[in-house]
Amino acid sequence: MLRRPPRSTLFPYTTLFRSQQILQLAKELVREVHVRVYADLPEEAGESLNIATRFDEQLRADNWNNVVKVRDGDESVRVSLLQKAGAIRGLFVVAAEGNEIVVVNVVCDASPENVKKLTAAATKI
């Protein structure tokens with residue numbers, strides 16, 4: 001059976017326009033993303049724990065809030081947020097397993113206004 005094309009030929013263009021709008025709004029929300037991987041760290045020296053602890057100390061000194069801290073054996077995840085003027089300005093994630101650690105730093109402007117614009121555009125697709 002052959003399917004009929006949609007009656008409105010504007011549908012693909014409207015969806016494309018809205019998708020571009022959402023991407024533009026997301027770019028305003030997320031400014032930068034930095035990822036760093038530390039692999040094959042010396043296990044016996046506990047180097048991955050030392051690196052995570054140094055990041056925690058620096059983040060606390062810069063007024064970041066730890067919002068998640070989970071440890072299960074040699075696996076751990078720490079999530080910190082930087083909040084200013086009612087908005088999330090940064091997200092920092094440290095994930096460690098054994099002798100490897102991954103650090104993700106997101107610079108953003110997740111203000112209530114920007115989040116509202118993004119969700120409003122997303123619900124129109």
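Biologist: Why is Phe55 called partly exposed?

Modeller: This is a predicted model, and in it Phe55 has a relative accessible area of 22%. Buried means under 20% and exposed means over 50%, so Phe55, at 22%, falls in between and counts as partly exposed.

Biologist: And what makes Phe92 count as buried?

Modeller: Phe92 has a relative accessibility of 8%. The cut-off for buried is under 20%, so Phe92 belongs in the buried class.

Biologist: How many aromatic pairs are there in the whole structure?

Modeller: A search of the whole structure turns up 2 aromatic pairs. In one of them, the ring centres of Phe55 and Phe92 are 5.3 Å apart.

Biologist: Why is the pair of Phe55 and Phe92 called tilted?

Modeller: Let's take it in two steps. Rings pair if their centres lie within 6.5 Å, and 5.3 Å meets that limit, so Phe55 and Phe92 are a pair. Next comes the angle: under 30 degrees would be stacked and over 60 would be edge-to-face. The planes of Phe55 and Phe92 stand at 50°, so this pair is tilted.

Biologist: How do you know that this pair links distant parts of the chain?

Modeller: Phe55 sits in helix H2 and Phe92 in strand S4, and they are 37 residues apart.

Biologist: What makes the pair of Trp64 and Phe92 edge-to-face?

Modeller: The planes of Trp64 and Phe92 make an angle of 75°. Edge-to-face needs an angle over 60 degrees, so the name fits Trp64 and Phe92. Their centres are 6.2 Å apart, which is within the 6.5 Å limit for a pair. This pair also links distant parts of the chain: Trp64 lies in the loop between H2 and S2, Phe92 lies in strand S4, and 28 residues separate them.

Biologist: Is Trp64 buried or exposed?

Modeller: Trp64 has a relative accessibility of 14%. That is under 20%, so Trp64 counts as buried. Put the ring pairs together and Phe55, Trp64 and Phe92 are linked into a cluster.

Biologist: Let's turn to the strands. What is the order of the strands in the sheet?

Modeller: The open sheet of 5 strands has the order S1-S5-S4-S3-S2, and the pairing is antiparallel.

Biologist: Why are S1 and S2 called edge strands?

Modeller: S1 and S2 each pair on one side only. On average, neighbouring strands of this sheet are turned by 10° against each other, direction ignored.

Biologist: How do you know that S1 and S5 pair?

Modeller: Two strands pair if there are at least two bridges between them. Strand S1 (residues 30–38) and strand S5 (residues 100–110) have 8 bridges in the antiparallel sense, so they pass the test. One of the matches puts His34 opposite Asn105 in S5 as its bridge partner.

Biologist: What about S4 and S5, how many bridges do they have?

Modeller: Strand S4 (residues 87–97) pairs with S5 in the antiparallel sense over 9 bridges. Among the partners in S5 are Val104 for Val93 and Ala110 for Ile88. These strands form a hairpin with 2 residues between them, where Gly98 takes a positive phi near 60°.

Biologist: And which strands does S3 join?

Modeller: On one side, strand S3 (residues 75–84) pairs with strand S2 (residues 65–72) in the antiparallel sense over 7 bridges; Asn65 has Leu81 in S3 as its bridge partner. Their hairpin has 2 residues between the strands, and Gly73 in the turn has a positive phi of about 65°. S3 is also joined to S4 by 10 bridges, again antiparallel, with Gly90 in S4 as the bridge partner of Leu82. In the hairpin of S3 and S4, Ala85 in the turn has a positive phi of about 50°.

Biologist: Where does helix H2 lie?

Modeller: Helix H2 (residues 47–61) lies across S1, S2, S3, S4 and S5, and runs at about 15° to S3.

Biologist: One last residue: why is Lys124 called exposed?

Modeller: Lys124 has a relative accessible area of 53%. Exposed means over 50%, so Lys124 is in that class. Lys124 lies in the segment after helix H3 (112–122). Its C-alpha atom is separated by 9.8 Å from that of Ser19, although Lys124 and Ser19 are 105 residues apart along the chain.

How values were computed
Residues are numbered from 1 along each chain as its sequence is written. This is a predicted model: local features need pLDDT of at least 70, side-chain atom pairs count only at pLDDT 80 or more; totals for chains, interfaces and linings use all residues. Side-chain values use heavy atoms; hydrogens and water are left out. Helices (H or I, at least four residues) and strands (E, at least two) are DSSP runs, numbered from the N terminus. Buried means under 20% relative accessible area, exposed over 50%, partly exposed in between (1.4 Å probe, protein chains only). Axes are lines fitted to C-alpha atoms, for helices over the stretch in contact, and angles run from 0 to 180 degrees between N-to-C directions. Contact means heavy atoms within 4.5 Å. Rings of Phe, Tyr and Trp (its six-membered ring) pair if their centres lie within 6.5 Å; planes under 30 degrees apart count as stacked, over 60 as edge-to-face and the rest as tilted.
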